[in-house]
Amino acid sequence: MCSQPLVGVVIPVWNGERYLRDAIESVLSQTHTALDVVVVDDGSTDATPDIAQSYAPLVRVIHRPHEGLGATRNAGLEAVRGEYVAFLDHDDLWPERKLELQLAAFGAQMTHDLVFGHVREFVSPELAGAALGLRCVTELRPATVAGAMLATRGAVDRVGPVPTQWVSADFLAWLLVARRLGLREVMLPEHVLSRRIHDNNMSLRQAAVTRAEYVRILKESIGRDTTSC
């Protein structure tokens, strides 16, 4: 019987005591069980370190000074083991067949480098009934975001570290490098990520910053593409 390929899972977190346990449980509940799970604590000042450590030895924990999301992801990439690599934000969840479905998409011929899937948003249960005006898109939709991706380790190493100069657009910058390098992507029709909508989402709390970063990254990318023509 063939052994399962090892998947390295990086969970970056900063002051995530409310939701970290749910995120970890969704990883450990995967139908694909060959996992190396690394939680990277970005200098949390709440109960995050204790929650993460309570899952040892199933989960390894890295503690570091607060440096932001990109640097935290990179610390996880340096530490995690596996033939494949995945990210999960501490406040989101994976459906239990997420990794199983994406691994199957790679296939025996390994014709893909990055496999994405669809995301569904949900309002965090503690806000139910009074969702504080938060907008939630409940329909499944394709998502090229970090939590919806599974990548080969070779592809991740080829692209290199996640850019650290961005507040919340680090993954977009990384993905655009992957595309310039010609890495092969596929989008699955299945649900692979549940994105939690709550009152402290970074993308909502810093929406103006996120939009500005996206515009700047895309302009820089277009400029590089034009120069290389």
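Buried means under 20% relative accessible area, exposed means over 50%, and partly exposed covers what is in between. Keep these cut-offs at hand for the exercises below, which use a predicted model.

**Exercise 1. Classify N15 and describe its backbone.**

Step 1: Start with the location. N15 sits in the loop between β1 (7-13) and α1 (20-28).

Step 2: Turn to the backbone. N15 has a positive phi of about 50 degrees, although it is not a glycine.

Step 3: Apply the cut-offs. N15 has 30% relative accessibility, so it counts as partly exposed.

While you are looking at loops, try the one between α2 (48-53) and β3 (59-64), where P57 is found. The peptide bond from A56 to P57 is cis, with omega near 5 degrees.

**Exercise 2. Work out how the buried residues of α1 are arranged.**

Step 1: List them. L20, A23, I24, S26 and V27 are the buried residues of α1.

Step 2: Look down the helix axis. The buried residues of α1 fall within an arc of 160 degrees, so they line one face of the helix.

Step 3: Find what they pack against. The partners of these buried α1 residues are β1, β2 (35-42), α2 and β3.

**Exercise 3. Map the strand partners of β5.**

Step 1: Check the cover. Strand β5 (residues 114-123) has seven of its ten residues buried.

Step 2: Take the parallel partner. β5 pairs with β8 (residues 185-197) in the parallel sense over nine bridges, and F116 stands opposite M187 there.

Step 3: Take the antiparallel partners. Two bridges link β5 with β7 (residues 150-152), where L114 faces A151. Three bridges join β5 to β6 (residues 141-143), with A143 as the bridge partner of G117.

**Exercise 4. Trace the salt bridge between R81 and D36, then compare D89 with R73.**

Step 1: Note the distance. The side chains of R81 and D36 meet at 3.4 Å, N to O.

Step 2: Place the two ends. R81 is in the loop between α3 (69-79) and β4 (84-87), while D36 is in strand β2, 45 residues apart.

Step 3: Assess the cover. R81 has a relative accessible area of 47% and is partly exposed, whereas D36, at 5%, is buried.

Step 4: Widen the view. D36, R60 and R81 are linked in a network of salt bridges.

Step 5: Repeat for the second pair. In the salt bridge of D89 with R73, the closest N and O atoms are 3.5 Å apart. D89 lies in the loop between β4 and α4 (98-106) and R73 in helix α3, so this pair ties together parts that are 16 residues apart in sequence. D89 is partly exposed at 26% relative accessibility, and R73 is buried at 3%.

**Exercise 5. Describe the nonpolar cores and the surroundings of L150.**

Step 1: Find the hubs. In the largest nonpolar core, which has 31 residues, I11, W94 and L150 touch the most other members.

Step 2: Look around L150. Leaving aside neighbours within four places in sequence, L150 is in contact with residues including V7, Y84, L99, F106 and V115.

Step 3: Add the other core. A second, separate core of 22 residues includes V38, L77, V85 and W174.

Step 4: Set this against the whole protein. Of its 229 residues, 48% count as buried. Among contacts between residues at least 6 apart in sequence, 77% join residues at least 24 apart.

Key: Residues numbered from 1 in each chain as written. Predicted model: local features only at pLDDT ≥ 70, side-chain atom pairs only at ≥ 80, totals over all residues. Heavy atoms only, no water. Buried < 20%, exposed > 50% of the residue type's maximum accessible area, 1.4 Å probe, protein only. Helix = DSSP H or I, 4+ residues; strand = E, 2+ residues; numbered from the N terminus. Pairing = 2+ DSSP bridges. Core = buried A, V, L, I, M, F, W, Y, C linked by side-chain atoms within 4.5 Å. Contact = heavy atoms within 4.5 Å. Arc of directions from axis to C-beta. Salt bridge = Lys/Arg side-chain N within 4 Å of Asp/Glu carboxyl O.
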